[in-house]
Amino acid sequence: MSLLGPTPDAVDDLICSARACRAAATWGLLWNNPKLHTPDRRKVWLACDDHREPLSQFLGVRDFLRDVVPASTLERVDVP
Ligand SMILES: [Zn+2]
């Protein structure tokens, strides 16, 4: 575990994760499913302004949502 706490998975293109949405993502929804992931793991869903709320609710009702951060703060996958 990092001294700085949970580190979100690195993300690829900043495109909204909502189905059929190709809008630019402005938010990163950090989530963890305790049945699948270690406690300090943070999976990332990207969301545009329109989908931040519905995606947050989807994760929230399942008790998976841990944090919402600006997409610009997320670590990016290195693309050669
Ligand atoms: Zn969207």
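Two strands are taken to pair if DSSP finds at least two bridges between them, and helices (H or I, at least four residues) and strands (E, at least two) are themselves DSSP runs, numbered from the N terminus. The structure is a predicted model, in which local features need pLDDT of at least 70 and side-chain atom pairs count only at pLDDT 80 or more, while totals for chains, interfaces and linings use all residues. Residues are numbered from 1 along each chain as its sequence is written, and side-chain values use heavy atoms, with hydrogens and water left out.

The overall picture is a good place to begin. The secondary structure of the protein chain consists of one helix and four strands, arranged along the sequence as β-β-β-α-β. The radius of gyration, taken over C-alpha atoms, is 12 Å, close to the 12 Å that the globule rule gives for 80 residues, so the chain is as compact as a globular protein of that length; the rule itself is 2.2 Å times the number of residues to the power 0.38. Along its principal axes, the C-alpha trace spans about 35 × 35 × 20 Å. With contact meaning heavy atoms within 4.5 Å, residues 24 or more positions apart account for 62% of the contacts with a separation of 6 or more. Buried residues (under 20% relative accessible area, against over 50% for exposed and in between for partly exposed; 1.4 Å probe, protein chains only) make up 31% of the 80 residues.

The four strands form an open sheet in the order E1-E3-E2-E4, with mixed pairing. E1 and E4 stand at the edges with a single partner strand each, so one side of each is left without a neighbour in the sheet. E1 and E3 run parallel and are joined by two bridges, with Pro8 opposite Arg42 in E3.

Strand E2 (residues 27-31) deserves a closer look. Four of its five residues are buried, so E2 is largely enclosed by the rest of the structure. Towards strand E3 (residues 41-47), E2 pairs in the antiparallel sense over five bridges; here Gly28 stands opposite Leu46, and Leu29 has Trp45 as its bridge partner. With strand E4 (residues 65-70), E2 again pairs in the antiparallel sense over five bridges. On this side Gly28 stands opposite Val69, while Asp67 is the bridge partner of Leu30.

The chain also holds a zinc ion. Its protein donors (N, O and S atoms within 2.8 Å of the metal, or 3.2 Å for Na, K and Ca; water is not among the atoms, so sites may look incomplete) are Cys16 (SG), Cys21 (SG), Cys48 (SG) and His51 (ND1), which lie 2.0 to 2.3 Å from the ion. The four donor atoms subtend angles of 101 to 118°, which makes the arrangement tetrahedral, a label given to four donors if all angles lie between 85 and 135 degrees. Along the chain, these donors follow the spacing C-x4-C-x26-C-x2-H. Among them, Cys21 and Cys48 link distant parts of the chain, 27 residues apart: Cys21 lies in the loop between strand E1 (7-8) and E2, and Cys48 in the loop between E3 and helix H1 (52-61). Both Cys21 and Cys48 are buried.

Terms used
Four donors count as tetrahedral if all angles lie between 85 and 135 degrees; four count as square planar and six as octahedral if opposite donors are over 155 degrees apart and all others between 65 and 115; anything else is irregular.
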